[in-house]
Amino acid sequence: MIKNIIFDLDGTLYNSEVILKKFAEAAYHTLAKFQNISLEKARGLVEQKRVELKKERGYSVPYTLTLISYGVPIEFWHQENIKFFDPRNYLDKNENLVKSITELKKRYRLAVLTNNNSTQAERIIEAIGLKGLFDKVFTYNSFKLLKPDPNFLKKAAAEMNAKPEECLTVGDRYNIDLTPARDLGMQAYEVKGPEDIEKLTDNLSLKG
Ligand SMILES: [Mg+2]
């Protein structure tokens, strides 16, 4: 029986072209600073690497993993993107989502699990109106682990005292969020954004 729902953050609890663009610009800026090269050169390198990694792995790879492949320490990337932009300036409260999550909270323990850093994750959660609605927020800072490493989900479930079969993972990236969850014996639910979470609320209540 499902007792815990673990949500991905970016692309799952919000969808924003502006934030996506800000993360991309932050990534170019970070590589430029790290390699002491021009912003234009860094942009080219990052985007070229994303194409290569996508070909290699068969799915589009987030900026965090792209920068790591250039040897950028993740702490440096996080420090730079925290300084580069504040998501609270670009995101609005999502009333429908607040309603859905509030409903789910009555029956399940809820967590967020994201490769983002804790500063940006908390800013985003606050901006979309979900502050205080999650029992746990797991970020890179929690265990120094990144999805798709299954140990990230495993440690999070352990901290929630949850068995895998009691967990449902909700995410927008099949290979990053959902495959590791299924491999651990959790249930997985793919969404294209927050509007699909309303459907999740309906589906779960149908199941009783
Ligand atoms: Mg995502």
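How far apart should the ends of helix 2, with its 19 residues, be at 1.5 Å a residue, and how far apart are its end C-alpha atoms? The legends below take up this and other views of the structure, which is a predicted model.

**View 1. Helix 2 and the residue after it.** Helix 2 covers residues 39-57. Its 19 residues, at 1.5 Å each, should span 27 Å, because the expected span is 1.5 Å times one less than the number of residues. The end C-alpha atoms of helix 2 are 27 Å apart, which agrees with the expected value. G58 follows helix 2 and has a positive phi, near 85°.

**View 2. Helix 1 against helix 2.** Two packed helices are described by the angle between their axes and the distance between the axes. The axes of helix 1 (residues 17-35) and helix 2 come within 8 Å, with a crossing angle of roughly 115°. The two helices are therefore roughly perpendicular to each other. The crossing of helix 1 past helix 2 is right-handed. On the helix 1 side the contact involves A27, Y28, H29, L31, A32 and Q35, and these meet L39, A42, R43, L45 and V46 of helix 2. Sorted by class, this contact has eight nonpolar, two polar and one charged residues.

**View 3. Helix 1 against helix 4.** Helix 4 is made of residues 74-84, and its axis comes within 9 Å of the axis of helix 1. The axes cross at roughly 125°, and helix 1 and helix 4 are therefore oblique to each other. Helix 1 passes helix 4 in a right-handed crossing. Helix 1 contributes F23, A26, H29, T30, K33 and F34 to the contact, while helix 4 contributes F76, W77, E80, N81 and F84. By class there are six nonpolar, three polar and two charged residues in this contact.

**View 4. The five-stranded sheet.** Five strands make up an open sheet, with parallel pairing and the order 3-2-1-4-5. Strand 3 (136-138) and strand 5 (187-190) are the edge strands; each has a single partner strand, so one side of each lacks a neighbour in the sheet. From one strand to the next the twist averages 20°.

**View 5. Strand 2 beside strand 3.** Strand 2 is formed by residues 109-113 and runs parallel to strand 3, to which three bridges join it. One residue of strand 2 to look for is A111, whose bridge partner in strand 3 is K136.

**View 6. Helix 8 on the sheet.** Helix 8 (residues 150-159) lies across four strands: strand 1 (4-7), strand 2, strand 3 and strand 4 (167-171). Helix 8 runs at about 150° to strand 2.

**View 7. The loop between helix 7 and helix 8.** Helix 7 is formed by residues 140-143, and P148 lies in the loop that leads from there to helix 8. The peptide bond from K147 to P148 is cis, and its omega is near 10°. K144 is also found in the loop between helix 7 and helix 8. The phi of K144 is near 55°, which is a positive value in a residue other than glycine.

Key. Residues are numbered from 1 along each chain as its sequence is written. This is a predicted model: local features need pLDDT of at least 70, side-chain atom pairs count only at pLDDT 80 or more; totals for chains, interfaces and linings use all residues. Two strands pair if DSSP finds at least two bridges between them. Axes are lines fitted to C-alpha atoms, for helices over the stretch in contact, and angles run from 0 to 180 degrees between N-to-C directions. Two residues are in contact if their C-beta atoms, placed from the backbone, lie within 7 Å. Angles under 35 degrees count as roughly parallel, over 145 as roughly antiparallel, 65 to 115 as roughly perpendicular and the rest as oblique. A crossing is left-handed if the near helix is turned anticlockwise from the far one by less than a right angle, and right-handed if clockwise. Ala, Val, Leu, Ile, Met, Phe, Trp, Tyr, Cys and Pro count as nonpolar, Asp, Glu, Lys and Arg as charged, and the others, Gly among them, as polar.
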